[in-house]
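Subject: Structure for you to look through

Hello,

Here is the structure I promised to pass on. Please open it beside this email and follow along.

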Amino acid sequence: NLTEGVLLVDVSGRVLMTNSEMARLCGLTVEDLIGLDLPQAGNKQGYALLQEMTAGLMHRPSDPVHAEMTLSGRETVDVRCTVIPFGAKNLLGWVLVVQDITGFKALARMKEQGLSILSHELRSPLAAMSGMCTVLTSLTLSLSEEDKTRAIQVMAEESERLSSLVSELLDVSQIEQQVQPLEKQPVAVGQLAQALVDLYARRAS
């Protein structure tokens, strides 16, 4: 039970062998694919997807070819296609290996979004501390004791927030590397949501 789609094609472009995963990606059956002449496959939905995935064969490559593409059929699927020629001395055909990388792509997008959010979250306390430092160094003589105390309090709070963010980032890294095991505990979702609302309400003010 391979998780990759596999297609064995001879030099004339006729499909000699395939598997159920390849058929699934095309929206066809194994029976539809076996014996199919790729150059004459036509433009029906499943066959059009197949021709898109086998486009690398049209140039009759003698070396492996790799490509990534997005297929828009019954569902949108990101795939990585690898065309491998076979034949010891004379080229006999090609093996097409297609890997569904939709999940990997989604995970990569989530990581990019997470890094963007993290970058913003790290920048905010740094900007606050930098601003308070500027105020204290340039306006020390004109600030009241209350203002000075408040400025120092803000820097302390933002420093603690920055330290917490870095600690959480390290925790995530350790969890991904399976260094730190996950400890599952019951969570009161309502209380957690309210705590987040209160946290961001304080930051907004």
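A salt bridge here is a side-chain nitrogen of Lys or Arg within 4 Å of a carboxyl oxygen of Asp or Glu. Asp100 and Arg24 form such a pair, with their closest N and O atoms 3.3 Å apart. More on that pair below.

Some ground rules come before the rest. This is a predicted model, so local features need pLDDT of at least 70 and side-chain atom pairs count only at pLDDT 80 or more, while totals for chains, interfaces and linings use all residues. Residues are numbered from 1 along each chain as its sequence is written, and side-chain values use heavy atoms, with hydrogens and water left out.

**The overall layout**

The protein chain has six helices and five strands. Both are DSSP runs, numbered from the N terminus: helices are H or I with at least four residues, strands are E with at least two. Along the sequence, the pattern reads β-β-α-α-α-β-β-β-α-α-α.

The chain has 205 residues, and 27% of them count as buried. Buried means under 20% relative accessible area, exposed means over 50%, and partly exposed lies in between (1.4 Å probe, protein chains only). The chain exposes about 14,000 Å², and carbon and sulfur atoms supply 57% of that. These areas come from the Shrake-Rupley method with a 1.4 Å probe; for residues, only the protein chains shown count as cover.

Now for contacts, meaning heavy atoms within 4.5 Å. Take those between residues at least 6 apart in sequence: 40% join residues at least 24 apart.

**The cores**

In soluble globular proteins, nonpolar side chains tend to be buried together. A nonpolar core is a set of buried Ala, Val, Leu, Ile, Met, Phe, Trp, Tyr and Cys residues joined through side-chain atoms within 4.5 Å. The largest one in this model has 26 residues. Met22, Leu36, Leu50, Met53, Val79, Leu96 and Val98 touch the most other members. At least two residues each come from β1 (5-10), α1 (20-26), α3 (45-53), β3 (65-72), β4 (76-86) and β5 (93-100).

What does Val98 contact, leaving aside its neighbours within four places in sequence? The list is Glu4, Gly5, Met22, Leu25, Met53, Val79, Arg80 and Cys81. Apart from the largest core lies another, of six residues, including Leu136, Leu143, Ala151 and Met155.

**The salt bridges**

The whole structure holds five salt bridges. Back to Asp100 and Arg24: this pair links distant parts of the chain, with Asp100 in strand β5 and Arg24 in helix α1, 76 residues apart. Asp100 is partly exposed at 25% relative accessibility. Arg24 is partly exposed too, at 40%.

Lys105 and Glu68 also meet through their side chains, at 3.2 Å from N to O. Lys105 lies in helix α4 (residues 102-138) and Glu68 in strand β3, so the pair ties together parts that are 37 residues apart in sequence. Lys105 is partly exposed, at 32%, and Glu68 is partly exposed, at 43%. Elsewhere, salt bridges that share partners join Glu21, Arg24 and Asp100 into one network.

Then there is Arg14 with Asp10, a salt bridge of 3.7 Å from N to O. Arg14 is partly exposed, with a relative accessible area of 39%. Asp10 is buried, at 14%.

**The cysteines**

How many disulfides are there? The count is zero. To count, a pair of cysteine sulfur atoms must be within 2.5 Å. Cys26 is in no disulfide, and its nearest cysteine sulfur, that of Cys81, is 9.5 Å away. Cys26 is buried, at 2% relative accessibility. Cys81 is buried as well, at 3%.

**On the surface**

Val187, Val189, Leu192, Leu196 and Tyr200 make a nonpolar surface patch of about 500 Å². Patches are made of residues with over 30% relative accessible area and no salt bridge: like charges are joined within 9 Å, nonpolar side chains (Val, Leu, Ile, Met, Phe, Trp, Tyr) within 5 Å. Val189 sits in helix α6 (residues 189-204). Is Val189 buried or exposed? Val189 is exposed, with a relative accessible area of 62%.

Best wishes
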